[in-house]
Amino acid sequence: MKSPNRDLLVLVKDDTMSERAIEQEVKKLNTMLMHVETSDSFLNAHEVIDLNKFQITRNRNQVRIVSKEKQFRPFIFFSNLN
């Protein structure tokens with residue numbers, strides 16, 4: 001996978017970290033985020049709340065279908081399960 005172009009803010013507690021150590025830390029963070037930010041993880045961590053039908057859907061296929069819609073319908077929300 002290609003590493004995404006993103007801005008990360010890394011706070012260092014002490015001044016003893018070298019520039020190379022900070023670069024390695026950022027690379028590790030990027031690889032970790034690439035594995036976590038997948039559609040599979042999104043489907044596992046969210047549910048769909050449909051206020052039109054008064055339903056809560058946790059089914060992965062249904063969440064995938066709603067998330068792929070080009071035009072979202074009103075009063076349908078994604079809720080994070082964390």
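1. Let's start with the overall layout: the chain has three helices and three strands. Helices (H or I, at least four residues) and strands (E, at least two) are DSSP runs, numbered from the N terminus. Following the sequence, you will meet them in the pattern α-α-β-β-α-β. Please keep in mind that this is a predicted model, in which local features need pLDDT of at least 70 and side-chain atom pairs count only at pLDDT 80 or more, while totals for chains, interfaces and linings use all residues. Residues are numbered from 1 along each chain as its sequence is written, and side-chain values use heavy atoms, with hydrogens and water left out.

2. Next, the overall dimensions. The radius of gyration of the chain is 18 Å, whereas a compact globule of 82 residues would have one near 12 Å. That radius is taken over C-alpha atoms, and the globule rule is 2.2 Å times the number of residues to the power 0.38. Along the principal axes, the C-alpha atoms fill a box of roughly 55 × 25 × 20 Å. For a pair to look at on screen, try Lys27 and Glu69: they are 42 residues apart in sequence, and their C-alpha atoms are 33 Å apart in space. Lys27 belongs to helix H1.

3. How much of the chain is buried? Buried residues make up 15% of the 82 residues. Here buried means under 20% relative accessible area, exposed over 50%, and partly exposed in between (1.4 Å probe, protein chains only). The chain exposes about 7200 Å², and carbon and sulfur atoms supply 53% of that area. These accessible areas come from the Shrake-Rupley method with a 1.4 Å probe; for residues, only the protein chains shown count as cover. In helix H1 you can compare Lys27, which is exposed at 58% relative accessibility, with Asn30, which is buried at 15%.

4. Staying with Asn30, its place is in helix H1 (residues 19–36). Which residues does Asn30 touch, not counting those up to four places away in sequence? The answer is Arg6 and Leu8. Contact means heavy atoms within 4.5 Å. Among contacts in the chain between residues at least 6 apart in sequence, 51% join residues at least 24 apart.

5. Now for the nonpolar core. The largest one has five residues: Leu43, Val48, Val63, Val66 and Ile76. A nonpolar core is a set of buried Ala, Val, Leu, Ile, Met, Phe, Trp, Tyr and Cys residues joined through side-chain atoms within 4.5 Å. Val48 is a good residue to click on: leaving aside its neighbours within four places in sequence, its contacts include Val63, Val66 and Ile76, as well as Phe77 and Phe78.

6. The structure also holds three salt bridges. A salt bridge is a side-chain nitrogen of Lys or Arg within 4 Å of a carboxyl oxygen of Asp or Glu. In one of them, Arg60 pairs with Asp40, with the closest N and O atoms 2.4 Å apart. Arg60 lies in helix H3 (residues 60–68) and Asp40 in helix H2 (residues 39–45), so this pair ties together parts that are 20 residues apart in sequence. Both partners are partly exposed, Arg60 at 30% relative accessible area and Asp40 at 39%.

7. Glu47 and Arg58 meet in another salt bridge, at 2.7 Å from N to O. This pair links distant parts of the chain: Glu47 is in strand S1 (residues 46–50), and Arg58 is in the loop between strand S2 (55–57) and H3, eleven residues apart. Is each partner buried or exposed? Glu47 is buried, with a relative accessible area of 8%, whereas Arg58 is exposed at 57%.

8. Glu69 and Arg73 form a salt bridge too, with 3.7 Å between the closest N and O atoms. Glu69 is partly exposed at 24% relative accessible area, and Arg73 is partly exposed at 40%.

9. Finally, two phenylalanines have backbone angles to check. Phi of Phe54 is near 55°, a positive value in a residue other than glycine. Phe54 sits in the loop between S1 and S2 and is exposed, at 74% relative accessibility. Phi of Phe75 is also positive, near 65°. Phe75 is found in the loop between H3 and strand S3 (76–80), and at 53% relative accessibility it counts as exposed.
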